[in-house]
Amino acid sequence: MINSDLKQTILGALKLEDWDLKDETTAAEVPGWDSLHHVNVILAVEKQFGVKFKNLEVLKLKSVGDLQRLLDSKISSR
Amino acid sequence: MFFDSLVYLLFFPAVWLVYQFVPDRQRWIVLLVASIAFYTALRAPVLLLSWAGVVVVSYYCGRAIARKPEGIERTRLLWFGIVANIGVLCAVKYLHPFLEFIHPAFANNPAFSNLFLTLGVSYYTLQSISYLADIYCEIVEPEQHFGRFALYLGFFPKLLQGPIERAGDLLPQLSLPYHASYENLRRGVLLFAWGLFLKVAVANRLATYVGLVYEDVHAHSGIAFILTTYMYAIQILADFSGYTNMALGVALLFNIRLTQNFNSPYSARSVADFWRRWHISFSRWILDYVFKPLQMGWRNAGVWGTVGALLVTFTFSGLWHGASWNFAVWGLLHGVFLAASVLFKPGLDRAFGTIGLRDHPIRRVVQVVVTFNLVAFAWIFFRANSLSDAGYIVTHLFSGVSDYVILDQGDVKFASLVLALCVMFGVNFLRTRVRLSRQPLLVRWSLYYLLILAIAHLGIYNGVGFVYLQF
């Protein structure tokens, strides 16, 4: 289940009105979510939630669900 | 034993025949032995040793990474594996320049020239690094079977010039049971033959003309440089895609599908698009393992972080191709083209969008023409023997009409070149529109015989090596 704040943050970074972001959704399935815009998504999430991701943590992400779980672990370890 | 040699034409059918009669569980041994024999035929002990070293280190490193929980030790193991592979790559590539520095007589003795061959190292070391990184990122599990892992790195159709295969694509195929397939046999042989045609009839012919100019730049000017630059753009495509077709074709005989390396690269609408269509396995490698980590690491610098990552990535790409300034400049040029695109394309798209011309057919044609010319311009640095030669060509591109006239060069007839190019473009045009397998038997077999005739009569067999073999 993707948190609605995270969903809005991602959609805002990609300048998308709406898109069904599910746990198993990958970047390739979302319009405009290419390697150039992926950085914008990560920056937006870090800024919105006040967290900092390590490079290797981000490079391992395979789906929106992975991003959600990484974000949750950062928030809970604060 | 290079792909366009008679020995290879006898070698791979022999391997295929043996493959048919061996029990399924031992088939990997046939391919591994064939691959080792193929590499041994180069008579380069340094290469065999470095390949064996990479196989052993990467096999054990991959298993060790997978066993470790998340943490600093797991990361250290990954870095160890990466450094070991890069170490082998640099050691093999720089052995000759190093020995030339400390003992020139030995280094330049033709009797020892086989010690300094670097064939294949650039490809399987990158493939090995991608294997370790993918294990680290939990994209794949490590291969437990040592023999299959060695085969994954050394499979003879792709050993010398790639494609650089991802573990997730190739490893599972090496474990599948084999069922002889007439369709794969037919397509594999056809692919191989088509690749051979591209290499011997198109690339080798063009190389004769390009070589005339690029080996003696000061004797030429103006139109000669422009013509041979465009010729080289076609030569290198025919050469490398020809090789790739031969590699994919032979692999298909064993029901193994290697990665497509080319997808009409000169119909790209931007340099970024070009790199999604040219040497695809390599550009995906530098995207995933160089560009993305750099870009992510520099994300706080915004678009300038992306620009910096592009410049570094493509300079690395240039240097991977060759440790000389002209290759570095070639790579850097592409980095600059891509950086400019990142900085200016969004604005340009918006401007054209407001006047409703963003996807206009004329704009698309202009984009294709501009992209092709940018890429062809950069190829000057790739082909030139030195930076000063490249500089001379670039500063004399429009110096007028010289006395260079395309004549028949001995046995190399210009009319045959035109015919070969017509065949190449004609087939590329028809391939996407006509399904050969659906044509009547008479049509299909007539075309097969015509292809064999074309290879035999239009082919140039003067020992011109494959361009990408030197990397």
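The buried residues of α16(B), in what I should say is a predicted model, are B:Thr371, B:Val375, B:Ala378, B:Ile380, B:Phe381, B:Phe382 and B:Arg383. These buried residues pack against five helices of chain B, namely α10 (182-214), α11 (223-253), α12 (271-275), α15 (325-354) and α17 (387-395). As for the helix itself, α16 of chain B runs over residues 361-383, which makes 23 residues, and it reaches 33 Å from its first C-alpha to its last, close to the 33 Å expected at 1.5 Å a residue.

Let me stay with α10(B), since it is one of the helices that α16(B) packs against, and turn to its packing with α19 of chain B, residues 441-458. The axes of α10(B) and α19(B) are 9 Å apart and meet at an angle of about 25°, and with an angle under 35 degrees counting as roughly parallel, the two helices are therefore roughly parallel to each other. Their crossing is left-handed. On the α10(B) side the residues are B:Ala193, B:Trp194, B:Leu196, B:Phe197, B:Val200 and B:Ala201, and they meet B:Leu451, B:Ile452, B:Ala454, B:Ile455 and B:Leu458 in α19(B). What is the character of this contact of α10(B) with α19(B), nonpolar or charged? Its residues divide into 11 nonpolar, with no polar and no charged ones.

Finally, the contact between the chains, which takes 12 residues from chain B and 10 residues from chain A. On the chain B side, the largest share, 6 residues, comes from helix α13, residues 280-297, and the residues of that side divide into 5 nonpolar, 4 polar and 3 charged.

Conventions: Residues are numbered from 1 along each chain as its sequence is written. Chains are lettered from A and ligands numbered from 1 in the order in which they are written. This is a predicted model: local features need pLDDT of at least 70, side-chain atom pairs count only at pLDDT 80 or more; totals for chains, interfaces and linings use all residues. Helices (H or I, at least four residues) and strands (E, at least two) are DSSP runs, numbered from the N terminus. The expected span of a helix is 1.5 Å times one less than its number of residues. A residue is buried if 20 or more other C-beta atoms lie within 10 Å of its own, exposed if 12 or fewer, and partly exposed in between; C-beta atoms are placed from the backbone. Two residues are in contact if their C-beta atoms, placed from the backbone, lie within 7 Å. Axes are lines fitted to C-alpha atoms, for helices over the stretch in contact, and angles run from 0 to 180 degrees between N-to-C directions. Angles under 35 degrees count as roughly parallel, over 145 as roughly antiparallel, 65 to 115 as roughly perpendicular and the rest as oblique. A crossing is left-handed if the near helix is turned anticlockwise from the far one by less than a right angle, and right-handed if clockwise. Ala, Val, Leu, Ile, Met, Phe, Trp, Tyr, Cys and Pro count as nonpolar, Asp, Glu, Lys and Arg as charged, and the others, Gly among them, as polar.
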